[in-house]
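Good morning, everyone, and thank you for making time for this. Please have the sequence and the structure open in front of you while I talk.

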Amino acid sequence: MSAQRPDNPGGPERPQGPGQPTPYTQEIQHAQVTARIPEKVSRGVFSTAVIVLQGPHEFVLDFVLGMAQPHQIAARVIVPPTVMPALIAALRENLHHYQAKFGPPPPLPVPPPPAAPPRIEEIYDQLKLPEDVMSGVYANAAMISHTPAEFCFDFITTFFPRSAVSCRVYVSAARLPGVLDSLTRSYQQYQQKLASAPPPPPHQPPL
């Protein structure tokens, strides 16, 4: 971890007057490999699909468990847009290493396409969203690992004083290419929206 104070890098904050310390900022960097893993997160959850929602300031990753009826959202992770390129790159790199060692993941049966794509409201009407998952957890970093059978996502919050794993999700190797495709397409759509958005109005000085 490192900390920097641009205005006073050599020492602690000095008060300007009685009870009047000057404000300051710190830039903090954490080593993700030392992230703490809380007990309630350590066992993780299993997921068979992911739904990616775009907001103006965040991506919402809903990891779905579709092995019983009704299907339910097993984990909800909120990540800022700045994290998505690194997440996609790390996932693509892990998949490459997996393929080099074990070969391509086994293909899944391709279901017949629906007559019309369902609306997002229709999809969520069929999903169970537990109250303790509804607000989700935040992550501004991620670590990905794999075995011959599955991939593990450790979503991390790099907050002071120590990084911590906020959510752990397991995905089968066969499902991994679909997860990568969903994340990639969603981020590409986000970039297209940014490119087509009108420029902000010019700054007007106060009268």
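Before I name any pairs, one term: two strands are said to pair if DSSP finds at least two bridges between them. With that in hand, and keeping in mind that this is a predicted model, please look at strand 8, where H71 has L127 in strand 9 as its bridge partner. Strand 8 and strand 9, the latter covering residues 127-128, run parallel and are joined by two bridges. Strand 8 also pairs in the parallel sense with strand 10, residues 137-138, again over two bridges, and here I78 has Y138 as its bridge partner.

Now turn to strand 7, which runs antiparallel to strand 8 and is joined to it by seven bridges. The connection between strand 7 and strand 8 is a hairpin of five residues, and if you look for V60, you will find it opposite I78 of strand 8.

Let me move on to the interior. Which residues touch the most other members of the largest nonpolar core? They are L61, F153, F155 and L183, in a core that has 30 residues. At least two residues of this core come from each of several elements, including strand 7 (59-65), strand 8 (71-79), helix 2 (84-102), strand 12 (150-157) and helix 5 (176-196). There is also another core, lying apart from that one, which has six residues, among them I51, V64, I73 and Y124. As background, in soluble globular proteins nonpolar side chains tend to be buried together.

It is worth staying with F155 for a moment, because its list of contacts, once neighbours within four places in sequence are set aside, includes L61, F63, V77 and L87, and also A139, A141, C167 and V169.

That brings me to the cysteines, and to a question you might well ask: why is there no bond between the sulfur of C152 and the closest cysteine sulfur? The closest cysteine sulfur to that of C152 belongs to C167 and is 9.7 Å away, and since a disulfide needs the two sulfur atoms within 2.5 Å, this is too far for a bond. Seen from the other side, the sulfur of C167 has C152 as the closest cysteine sulfur, at 9.7 Å, and the count of disulfides comes to zero. C152 is buried, with a relative accessible area of 10%, and C167 also counts as buried, at 10% relative accessibility.

Terms used: Residues are numbered from 1 along each chain as its sequence is written. This is a predicted model: local features need pLDDT of at least 70, side-chain atom pairs count only at pLDDT 80 or more; totals for chains, interfaces and linings use all residues. Side-chain values use heavy atoms; hydrogens and water are left out. A nonpolar core is a set of buried Ala, Val, Leu, Ile, Met, Phe, Trp, Tyr and Cys residues joined through side-chain atoms within 4.5 Å. Buried means under 20% relative accessible area, exposed over 50%, partly exposed in between (1.4 Å probe, protein chains only). Helices (H or I, at least four residues) and strands (E, at least two) are DSSP runs, numbered from the N terminus. Contact means heavy atoms within 4.5 Å.
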